[in-house]
Amino acid sequence: MSRRFVLLVDEATAQEQDTVTKHLQTTPYGFWHHLSDAWLMTDRTDKLTTVELRDQIHRLLPGKTILAVRMDDPNIWAAIGHAEQFKWLNEAWNRD
């Protein structure tokens, strides 16, 4: 079993997208990147967390708004950006 993630980076330039893709190529994660600003990922080690993924990308692209969602449990997500951007996620997304 592997963990699955959606990684989103708001308004990433082509160079920033390449930076993320090149980083992911150095990891044990599988990924699909054919939509700008979005990566679908798998982690067969079953160890990656949304916080770790968010922080890895934040180190590469400081100042960008980032959202990482674990698809096998979409209530597990981590983001960085302005708090008001994630108000809806905090209030509505995690409701059962």
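Select R70 to begin: at 15% relative accessibility it counts as buried, a word that here means under 20% relative accessible area, while exposed means over 50% and partly exposed lies in between, with a 1.4 Å probe and protein chains only. The model in your viewer is predicted, so local features need pLDDT of at least 70 and side-chain atom pairs count only at pLDDT 80 or more, whereas totals for chains, interfaces and linings use all residues. Residues are numbered from 1 along each chain as its sequence is written, and side-chain values use heavy atoms, with hydrogens and water left out.

R70 belongs to strand β4, residues 66-70; strands (E, at least two residues) and helices (H or I, at least four) are DSSP runs numbered from the N terminus. Now show the side chain of D72, which is joined to that of R70 by a polar contact of 2.9 Å. Such a contact is a pair of N or O atoms within 3.5 Å; within protein, one atom must be able to donate a hydrogen and the other to accept it, and residues adjacent in sequence count only if both atoms are side-chain atoms. Beyond its neighbours within four places in sequence, R70 is in contact with R3, R4, F5, T50 and I76, where contact means heavy atoms within 4.5 Å.

From R70, move to R3, which is buried with a relative accessible area of 15%. The structure holds 4 salt bridges, each defined as a side-chain nitrogen of Lys or Arg within 4 Å of a carboxyl oxygen of Asp or Glu. One of them joins R3 to D46, with the closest N and O atoms 3.0 Å apart. Because R3 lies in strand β1 and D46 in the loop between β3 and α2, this pair ties together parts that are 43 residues apart in sequence. D46 itself is partly exposed, with a relative accessible area of 37%.

Next, select E16 and K64, whose salt bridge has its closest N and O atoms 3.2 Å apart. E16 sits in helix α1 and K64 in the loop between α2 and β4, so here the parts tied together are 48 residues apart in sequence. K64 counts as buried, at 18% relative accessibility.

T50, already met as a contact of R70, leads into helix α2, residues 50-60. Which residues of α2 are buried? They are T50, L53, R54, Q56 and I57. These residues lie on the same side of α2, because they cover an arc of only 160° around the axis, the arc being that of the directions from the helix axis to the C-beta atoms. Among the elements that cover them are β1 (3-9), α1 (14-25), β3, β4 and β5 (77-80).

Within α2, pick out R54, which is buried with a relative accessible area of 18%. Not counting residues up to four places away in sequence, R54 touches I66, A68, A78, A79 and I80. Its side chain also meets that of D55 in a salt bridge of 2.9 Å, N to O, and D55 counts as partly exposed at 26% relative accessibility.

Finish at the surface with L40, in strand β3, residues 38-43, which is partly exposed with a relative accessible area of 41%. Together with W32 and L35, L40 makes a nonpolar surface patch of about 290 Å². Patches are made of residues with over 30% relative accessible area and no salt bridge, like charges being joined within 9 Å and nonpolar side chains (Val, Leu, Ile, Met, Phe, Trp, Tyr) within 5 Å; accessible areas come from the Shrake-Rupley method with a 1.4 Å probe, and for residues only the protein chains shown count as cover.
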